[in-house]
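Biologist: I'd like to learn how to read a model like this one, feature by feature. Can you walk me through it?

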Amino acid sequence: MATEYNAINLSQGFPNFPVDEKLTDIVAELAKEDVHQYTPMAGYPPLLTKIAALVNDSYQRTAQTETEILVTTGATQGIFTSIQALVENEDEVIILDPCYDSYEAPVLLCNAKPVRVSLNDDYTPNWKTIEAACTSKTKMIIINNPHNPTGKILTKTDFEALEKILEKFPKIILLSDEVYEYITFEQKHISVHTRKLLRNRAIVVSSFGKTFHITGWKVGYLVAPEHLMKEIKKVHQFLVFSVNSVAQAAISNYLDIVSVDEIGDFYQEKRDYFRQLLSKSRFKLLPCEGTYFQVVSYAAISNENDVDFCKRLITEHGVAAIPISNFYENGKDLHLIRFCFAKDNATLEEAARRLCKI
Ligand code: PMP
Ligand code: GLN
């Protein structure tokens, strides 16, 4: 609809500003080199080494390039492949509600049962209900931190509670979707990579699409202990075998010259600017601790359901957003919508100008 009505698109999460020229220069140069054939299945070897270094620098975890890292066609394929490899017929998988939409479908495709557990009203996990939902059939718990769509991040206390649950249920595997790991603000991201007890039975999912503002490249990676990775590779082999070689080589060279340290500050400025622009509107801003999404309430503006409101926002006001009901199992409508603020300032300003008139 955003395209059809030529609206400012703050709905789907993708940046609209130019990619770092250093990265596009690398791509242009690489095209002349010998990087056009299949890479090994786990990934382009120099990239695997750089990923290991990045994980070590960021989280002081030593991951083995040969056996514990897998480059994937975006985080999406990493998530799908992990679930297909590890979840079986009639297993149960705990998925928090609301959540990003990539978790449930692969679970259903395995003929397994997604068990949705509601987050608290402030979007913190309710570890008591999560524990109560664990049974002998539970194969996996999926967490997403920082969280899309709510922008919530997990704390040390959350991880302690999760560790206690996993100690009680030794068969449960953790899938930790951390694609926004470098996009956090006042509080630093706590990664499963840093939690010894968890990481030995977890798959951690990352995405260069988010980290380097290149969502269309579709390159991500998984880190998991060898016993899990072995199973994941059995599916990866026949789903994609290997990921785009030029993109892998370009990211590998880029990792030599780029730092991930400034990404949080970069997006914090955008968040603050967008929030300041919207402070003059009738939308109520919810907190945003990480990701590039801002959730707002339009309860003071309209009584419509969030899908109708989003449609009207496009057709009458020229701004596209995502209804939050979409992220709930049962389409719960709280009159909340999600804006993506990974946009240049001119776009944010024009969007805010339109939103302030409502
Ligand atoms: N997980 C979450 C929480 C996301 O928001 C996204 C964004 N698309 C993905 C996974 C998928 O990432 P990718 O584009 O690397 O497949
Ligand atoms: N993760 C992105 C979002 O939440 C979208 C990716 C997609 O459209 N599949 O907007």
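**Reading the fold, piece by piece**

Modeller: Let's begin with the domains, bearing in mind that this is a predicted model. The chain splits into domain 1 (8-19 + 261-356) and domain 2 (21-254).

Biologist: How far apart are the C-alpha centres of domain 1 and domain 2?

Modeller: They are 26 Å apart. For the contact itself, 21 residues of domain 1 meet 28 residues of domain 2. On the domain 1 side, the elements giving two or more residues are α12 (263-278) and β10 (293-297). The largest share there, five residues, is from α12.

Biologist: What is the chemical make-up of the side of domain 1 that touches domain 2?

Modeller: That side has 13 nonpolar, four polar and four charged residues.

Biologist: OK, on to the sheet. How do I read one?

Modeller: The general idea is that strands of a sheet pair through backbone hydrogen bonds, either parallel or antiparallel. Here, seven strands make an open sheet with mixed pairing, and the order is β2-β8-β7-β6-β5-β3-β4.

Biologist: Why do β2 and β4 each have one side left without a neighbour in the sheet?

Modeller: Because β2 (69-72) and β4 (113-118) stand at the edges, each has a single partner strand, and one side of each goes without a neighbour. As for twist, the average is 20° from one strand to the next.

Biologist: Could you show me one pairing up close?

Modeller: Sure, take strand β3 (residues 92-97) and strand β5 (residues 138-144): they pair in the parallel sense over four bridges. Within β3 and β5, look for Val93, which stands opposite Met140.

Biologist: Which strands does helix α10 lie across?

Modeller: Helix α10 (residues 226-239) lies across β2, β6 (173-177), β7 (202-207) and β8 (220-223). Relative to β2, α10 runs at about 25°.

Biologist: Now the ligand. Which residues come nearest to ligand 1?

Modeller: There are 15 residues around ligand 1, and Gly74, Ala75, Thr76, Asn148 and Ser207 come nearest. Helix α4 (residues 74-86) supplies the largest share of that shell, three residues. By type, the shell around ligand 1 has three nonpolar, 10 polar and two charged residues.

Biologist: And what does the database record add?

Modeller: In an unreviewed entry, UniProt lists residues 7-355 as "domain: Aminotransferase class I/classII large". Across residues 7-355, the model is 40% helix and 16% strand, and the end C-alpha atoms lie 12 Å apart.

Methods: Residues are numbered from 1 along each chain as its sequence is written. Chains are lettered from A and ligands numbered from 1 in the order in which they are written. This is a predicted model: local features need pLDDT of at least 70, side-chain atom pairs count only at pLDDT 80 or more; totals for chains, interfaces and linings use all residues. A residue is near a molecule or strand if its C-beta atom, placed from the backbone, lies within 6 Å of it. Ala, Val, Leu, Ile, Met, Phe, Trp, Tyr, Cys and Pro count as nonpolar, Asp, Glu, Lys and Arg as charged, and the others, Gly among them, as polar. Domain bounds come from an automatic or database domain assignment. Two residues are in contact if their C-beta atoms, placed from the backbone, lie within 7 Å. Two strands pair if DSSP finds at least two bridges between them. Axes are lines fitted to C-alpha atoms, for helices over the stretch in contact, and angles run from 0 to 180 degrees between N-to-C directions. UniProt positions are given in the numbering used here, feature names are shortened, and annotations may be inferred rather than shown by experiment.
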